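Visitor: I would like a close look at one part of this protein, the helices, and at how particular residues sit in them or in the loops beside them. Please take me through it carefully.

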Amino acid sequence: MNTNARAPRGRWIEGWDPENEALWESTGKHVARRNLIFSIISEHIGFSIWSIWSVLVLFMGPDIGLPFTASEKFLLVITPNLVGAVLRLPYAAAVTRFGGRNWTIFSSVVLLVPAGLAFYFVQQPGTPLWVFMLIGATAGVGGGNFASSMTNITIFFPQRLQGWALGLNAGGGNIGVATIQVVGLLVIAFAGNTHPSYVAAIYLPLIAVSAVCAALFMDNVDAIKAKPGALLEACGSKHTWWISFLYVGTFGSFIGYSFAFGLVLQTEFDFTPLQAASWTFLGPLMGSLSRPLGGWLADRIGGARVTAWNFVLMAVGVAVLLVASALGSFGLYVTAFIVLFLLTGLGNGSTYKMIPAVYAKEAEDEVTSGGEAVAAFAKARRLSGAVIGIAGAIGALGGVGINLAFRSSYSGAAASGDAALTVFLAYYLVCVLVTWAVYLRGALKPGQDPAGLPAKRTAEAGRA
């Protein structure tokens with residue numbers, strides 16, 4: 001295995017096998033960690049650009065010649081969310097075709113387009129909504145970065161560490177949502193609420209630095225090249241659709257709430273941009289920081305168990321939001337929302353951990369039944385990479401649903417988010433039932449959890 005500090009430019013590391021303990025300890029883990037660090041940086045900036053319009057809409061008003069209504073602003077933040085969700089499938093496939101390093105360079109450079117367009121047009125009073133929607137659509141490329149980054153990082157780490165690695169990679173990326181909201185808060189605090197272009201301007205040099213770092217420090221891995229038809233093969237697996245359904249409830253909630261939180265506070269409590277921005281970063285921050293913890297817990301006690309209990313708590317969190325809304329209590333409302341963000345992060349980590357674990361369990365069963373071990377576990381890795389892309393895309397569509405529900409709820413006569421919250425509560429309860437019925441009841445022997453095997457057992461299975 002060629003695991004030198006840097007692979008030759010444009011070349012692939014050959015013979016990569018993170019399940020080989022000796023090679024992992026000697027050189028593999030250093031290569032994997034280096035790629036993880038710069039993958040996080042790129043994904044972090046991608047998430048920031050993807051969610052940039054959740055910040056820019058807080059500035060939009062008569063003062064800068066962009067007097068859009070709350071309903072129009074919700075439509076604007078929905079647009080990049082939708083495009084980003086759709087792009088996740090081709091982005092996941094692209095990294096298997098072009099290589100992790102190569103695709104990270106491209107996906108970083110292309111972020112200059114939405115950032116540059118946003119920088120220019122928010123300074124143009126009277127620009128119509130449809131122009132901003134087109135610009136918002138280009139910001140969707142930042143959402144695609146997640147799928148390519150996660151697919152790439154999966155191959156670098158042994159299965160027993162993937163919950164931690166994927167959680168850290170995704171959490172570091174997710175925190176980009178909180179970061180850009182902090183940037184928006186600082187711009188409003190120091191320059192006022194009439195300079196949204198400053199938010200985009202700050203990210204233009206950061207995007208360039210991210211692309212250069214990917215070129216200098218990341219690697220392509222031969223083992224990540226997928227056989228043609230991997231996505232189609234994954235579509236034939238029932239687990240693809242069950243896990244995607246659950247991921248709508250976890251990541252869909254995280255990204256949907258992240259995009260909507262500021263507008264919800266502005267609409268629910270008649271906040272100024274500064275007041276809204278003072279709170280909006282806390283939710284995405286907590287959700288991002290808790291994601292690695294969800295993966296860590298899943299590594300130890302099982303992904304399905306963590307996911308099921310997490311959905312129970314999410315349902316409780318939404319119920320508290322409904323109570324806070326009825327009481328008109330800002331303190332209780334914000335506290336419940338931030339706790340809900342934290343739970344979405346935990347659920348993101350545990351649900352994503354379910355993907356490689358489910359297919360590792362299927363490979364183990366195939367080997368136990370007389371199948372060839374190398375082929376079985378190669379198939380498991382191939383399916384895991386494909387399902388990461390599919391689940392990531394479908395899960396991100398949940399964010400579109402969140403914002404559509406809020407837009408519809410606030411457009412009604414009551415001008416309240418309660419109708420949307422009631423729908424979310426029902427969905428989380430259904431997710432509890434699905435997790436229990438598919439992964440925790442009957443399908444396994446007592447004490448087993450196919451969606452999060454104990455780390456030691458999974459590692460032994462991978463080396464079989």
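Guide: What follows goes through several helices and loops in turn, from the N-terminal side onward.

The model is a predicted one, and helix α1, which covers residues 21–50, is a good place to begin. A straight helix of 30 residues would span 44 Å at 1.5 Å a residue, yet the end C-alpha atoms of α1 are only 38 Å apart. Along its course, α1 bends by about 60° at Thr27. The N-terminal end of α1 is capped by Asn20, which places a side-chain oxygen 3.3 Å from the backbone nitrogen of Ala22.

In helix α3, made of residues 70–98, we find Lys73. Lys73 counts as buried because its relative accessible area is 9%, and buried means under 20%. A polar atom of the Lys73 side chain lies 3.0 Å from the backbone oxygen of Met60. Apart from neighbours within four places in sequence, the contacts of Lys73 are Val57, Met60, Phe68, Leu263 and Gln266. Val57, 16 residues from Lys73 in sequence, is 6.2 Å from it when the two C-alpha atoms are compared.

Phe68 also appears in the surroundings of Thr127, a residue whose contacts beyond four places in sequence are Leu66, Phe68, Phe121 and Phe132. Thr127 belongs to the loop that joins α5 (112–121) to α6 (129–138). With a relative accessibility of 10%, Thr127 counts as buried, and its side chain reaches the backbone oxygen of Gln124 at 2.7 Å.

Further along the chain, Tyr198 lies in helix α9, residues 197–217. Tyr198 counts as partly exposed, because its relative accessibility is 38% and that class runs between 20% and 50%. Once residues up to four places away in sequence are set aside, Tyr198 touches Val187 and Ala191. The C-alpha atoms of Tyr198 and Gly184 are 8.5 Å apart, while the two residues are separated by 14 residues in sequence.

The loop between α11 (238–269) and α12 (273–280) holds Asp270. Although Asp270 is not a glycine, it has a positive phi of about 55°. Asp270 counts as exposed, since its relative accessibility is 66% and exposed means over 50%.

A positive phi, near 70°, is also found at Gly328, the residue that follows α14. Helix α14 itself comprises 25 residues, 303–327, and reaches 36 Å from its first C-alpha to its last, close to the 36 Å expected at 1.5 Å a residue.

Thr351 is located in helix α15, which takes in residues 330–368. Thr351 is buried, having a relative accessible area of 0%, and its side chain reaches the backbone oxygen of Gly347 at 2.7 Å. When neighbours within four places in sequence are left aside, Thr351 is in contact with Ile243, Leu246, Tyr247, Thr250 and Thr307.

The last stop is a pair of helices, α16 (residues 373–411) and α17 (residues 418–440), which pack at an angle of about 145° with their axes 7 Å apart. On the α16 side, Ile402, Ala405, Phe406 and Ser409 take part, and they meet Asp418, Ala419, Ala420, Leu421 and Phe424 of α17. Sorted by class, this contact has 7 nonpolar residues, 1 polar and 1 charged.

Terms used: Residues numbered from 1 in each chain as written. Predicted model: local features only at pLDDT ≥ 70, side-chain atom pairs only at ≥ 80, totals over all residues. Heavy atoms only, no water. Helix = DSSP H or I, 4+ residues; strand = E, 2+ residues; numbered from the N terminus. Expected span 1.5 Å × (residues − 1). Bend = angle between axes of the 7 residues up to and from the residue. Polar contact = N/O pair within 3.5 Å; in protein donor to acceptor, adjacent residues only side chain to side chain. Axes fitted to C-alpha atoms, helices over the stretch in contact; angles between N-to-C directions. Contact = heavy atoms within 4.5 Å. Nonpolar A, V, L, I, M, F, W, Y, C, P; charged D, E, K, R; others polar. Buried < 20%, exposed > 50% of the residue type's maximum accessible area, 1.4 Å probe, protein only.
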